[in-house]
Amino acid sequence: MLPTEAAELPIFDDKDSFRVRIGYAEIDIAPADLASIFNSYVFARANSPLKGVSMSIENGRLKIKGKLHDVGTIPFETESTLSPTDDGKLLLRTGKVKALHVPVKGMMNLFGVEIADLIKNGKVPGVEARGDDLELNPSLVFPAPHMEGRVTATRIEGNTIVLTFGDKNRTTKARQTGNYMSFRGNRLRFGKLTMTDVDMILIDMDPTDPLDFFLDRYKDQIAAGYSKISSNSNLRIFVRDFNKLTKSGAAAKGGN
């Protein structure tokens with residue numbers, strides 16, 4: 001976690017105060033969640049060329065539906081693939097295309113324009129056009145906290161898109177067993193507490209399933225658990241999975 005140019009140190013309560021530099025990671029994302037990011041973040045601006053995007057996986061390929069806003073709100077659907085580019089970005093390569101339910105050779109051939117005419121550099125940050133394909137910059141297309149890292153592989157597993165960042169040889173040695181998030185060095189602020197020379201671990205209270213951590217509601221998860229401080233000021237916080245918080249308790253805390 002590194003502070004952004006506008007911030008003095010990473011602050012849990014301000015996702016724009018830090019960015020995450022990835023040495024190695026595998027990140028799973030469901031097609032519906034990726035479509036939600038497209039609709040609510042990437043193409044959320046009033047003048048964005050694509051609207052109403054939905055995604056699903058069919059026969060190992062990514063099926064995308066939506067509307068071309070700049071050419072009369074025309075419905076389209078494509079079968080696409082994701083692959084890494086040489087410089088570590090994501091290439092959304094268009095395969096079969098239908099517009100108005102009619103097969104067309106390329107995404108925009110039916111209308112005499114290319115995506116590049118609709119997605120001009122700077123109009124949609126993090127998205128550039130390569131003919132009928134889209135190049136996505138993960139550090140810009142995903143919401144804050146933003147990620148820094150090279151995409152090195154992609155694959156489809158069942159109904160999930162798996163993105164590999166970086167080199168597996170750069171994995172960090174595990175500090176303990178179970179599910180946890182470890183923070184070391186530098187400074188970090190969360191709530192009213194500011195730590196220097198940080199040594200803090202957030203530990204899953206239930207290691208039998210994945211740690212469900214939601215940064216927007218991390219205080220609720222901490223409040224539902226307990227903390228320990230060692231004699232040398234190391235902090236260990238046992239957190240409850242977000243999906244296991246009681247709805248009434250989470251709602252009440254969320255309003256404070």
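**A colleague's note on Thr 246 and the aromatic pairs**

1. Let's start with Thr 246, which sits in the loop that runs between strand 19 (235-239) and helix 5 (247-254). Please keep in mind that this is a predicted model. Thr 246 has a relative accessibility of 53%, so it counts as exposed, the cut-off being over 50%. Its C-alpha lies 9.5 Å from that of Ala 224, and the two are 22 residues apart in sequence.

2. Now to the rings: the structure holds six aromatic pairs. One of them joins Phe 12 and Phe 190, with ring centres 6.2 Å apart and planes at 50°, so this pair is tilted. Phe 12 belongs to the loop between strand 1 (2-3) and strand 2 (18-21), while Phe 190 is in strand 15 (residues 187-190), so the pair ties together parts 178 residues apart in sequence.

3. Are these two rings buried or exposed? Phe 12 counts as buried because its relative accessibility is 5%, and Phe 190 counts as buried at 9%.

4. The pair of Tyr 226 and Phe 238 is stacked, because the ring centres are 4.6 Å apart and the planes are at 10°. This pair links distant parts of the chain, with Tyr 226 in strand 18 (residues 226-229) and Phe 238 in strand 19, 12 residues apart. Tyr 226 is partly exposed, with a relative accessible area of 41%, whereas Phe 238 is buried, with 18%.

5. Finally, a grouping to look at on screen: Phe 12, Phe 183, Phe 190 and Tyr 218 form one aromatic cluster.

Terms used: Residues numbered from 1 in each chain as written. Predicted model: local features only at pLDDT ≥ 70, side-chain atom pairs only at ≥ 80, totals over all residues. Heavy atoms only, no water. Helix = DSSP H or I, 4+ residues; strand = E, 2+ residues; numbered from the N terminus. Buried < 20%, exposed > 50% of the residue type's maximum accessible area, 1.4 Å probe, protein only. Phe/Tyr/Trp six-rings, centres within 6.5 Å; stacked < 30°, edge-to-face > 60°.
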